[in-house]
Amino acid sequence: MAAYTLLQLLEVAAAGAILLLGVRIHSAPVALLGGALLLAKAIVNILSPEGGSVYRRSVIGYTVGGIFFVGASILVHLAS
């Protein structure tokens with residue numbers, strides 16, 4: 001197994017653990033953080049066939065994940 005593949009698996013496991021922790025402790029911000037990290041990682045991998053550097057794809061993916069986190073946090077705050 002390549003080092004990059006192992007790193008990706010560890011990132012997904014960590015983000016999934018954060019998501020599950022947030023659900024377990026009934027904390028919307030923690031669950032949203034885990035979901036945003038998983039979304040960002042998915043976007044990084046979806047952009048892989050398009051080419052470009054890992055840095056470029058990471059910037060795009062984690063920016064979208066950050067926007068999701070902020071937007072969803074605002075919605076959760078307004079709903080409660």
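A salt bridge is taken here as a side-chain nitrogen of Lys or Arg within 4 Å of a carboxyl oxygen of Asp or Glu. I note at the outset that the model is predicted.

**Entry 1. Salt bridge**

I searched the model with this criterion, and the count came to one salt bridge. The side chains involved are those of Glu11 and Lys41, with an N to O distance of 3.4 Å. I then placed the two partners: Glu11 lies in helix 1 and Lys41 in helix 2, 30 residues apart, and the pair thus links distant parts of the chain.

**Entry 2. Accessibility of the two partners**

Which of the classes, buried, partly exposed or exposed, applies to Glu11? I found a relative accessibility of 28% for Glu11, which therefore counts as partly exposed. For Lys41 I recorded a relative accessible area of 6%. Buried means under 20%, so Lys41 belongs to the buried class.

**Entry 3. Surroundings of Lys41**

I confirmed that Lys41 is located in helix 2. I next asked which residues Lys41 is in contact with, leaving aside its neighbours within four places in sequence. The list I obtained is Tyr4, Gln8, Glu11, Val12 and Tyr62.

**Entry 4. Packing of helix 1 and helix 2**

I turned to the two helices that carry the salt bridge partners. Helix 1 covers residues 3-24 and helix 2 covers residues 28-46. Their axes are 6 Å apart, and the packing angle is about 155°. Angles over 145 degrees count as roughly antiparallel, and the two helices are therefore roughly antiparallel to each other. I recorded the crossing of helix 1 and helix 2 as left-handed.

From helix 1, the contact is made by Tyr4, Gln8, Glu11, Val12, Ala15, Gly16, Ile18, Leu19, Gly22 and Val23. From helix 2, I listed Val30, Ala31, Leu33, Gly34, Gly35, Leu37, Leu38, Lys41, Val44 and Asn45. By residue class, the contact of helix 1 with helix 2 comprises twelve nonpolar, six polar and two charged residues. Both Glu11 and Lys41 appear among the contact residues.

**Entry 5. Ser53**

Finally, I looked up Ser53. I found Ser53 in the loop between helix 2 and helix 3, the latter spanning 54-79. What is the relative accessible area of Ser53? The value is 39%, so Ser53 is partly exposed. I also took the separation between the C-alpha atoms of Ser53 and Val23, which comes to 34 Å. Along the chain, Ser53 and Val23 are 30 residues apart.

Notes: Residues are numbered from 1 along each chain as its sequence is written. This is a predicted model: local features need pLDDT of at least 70, side-chain atom pairs count only at pLDDT 80 or more; totals for chains, interfaces and linings use all residues. Side-chain values use heavy atoms; hydrogens and water are left out. Axes are lines fitted to C-alpha atoms, for helices over the stretch in contact, and angles run from 0 to 180 degrees between N-to-C directions. Helices (H or I, at least four residues) and strands (E, at least two) are DSSP runs, numbered from the N terminus. Angles under 35 degrees count as roughly parallel, over 145 as roughly antiparallel, 65 to 115 as roughly perpendicular and the rest as oblique. A crossing is left-handed if the near helix is turned anticlockwise from the far one by less than a right angle, and right-handed if clockwise. Contact means heavy atoms within 4.5 Å. Ala, Val, Leu, Ile, Met, Phe, Trp, Tyr, Cys and Pro count as nonpolar, Asp, Glu, Lys and Arg as charged, and the others, Gly among them, as polar. Buried means under 20% relative accessible area, exposed over 50%, partly exposed in between (1.4 Å probe, protein chains only).
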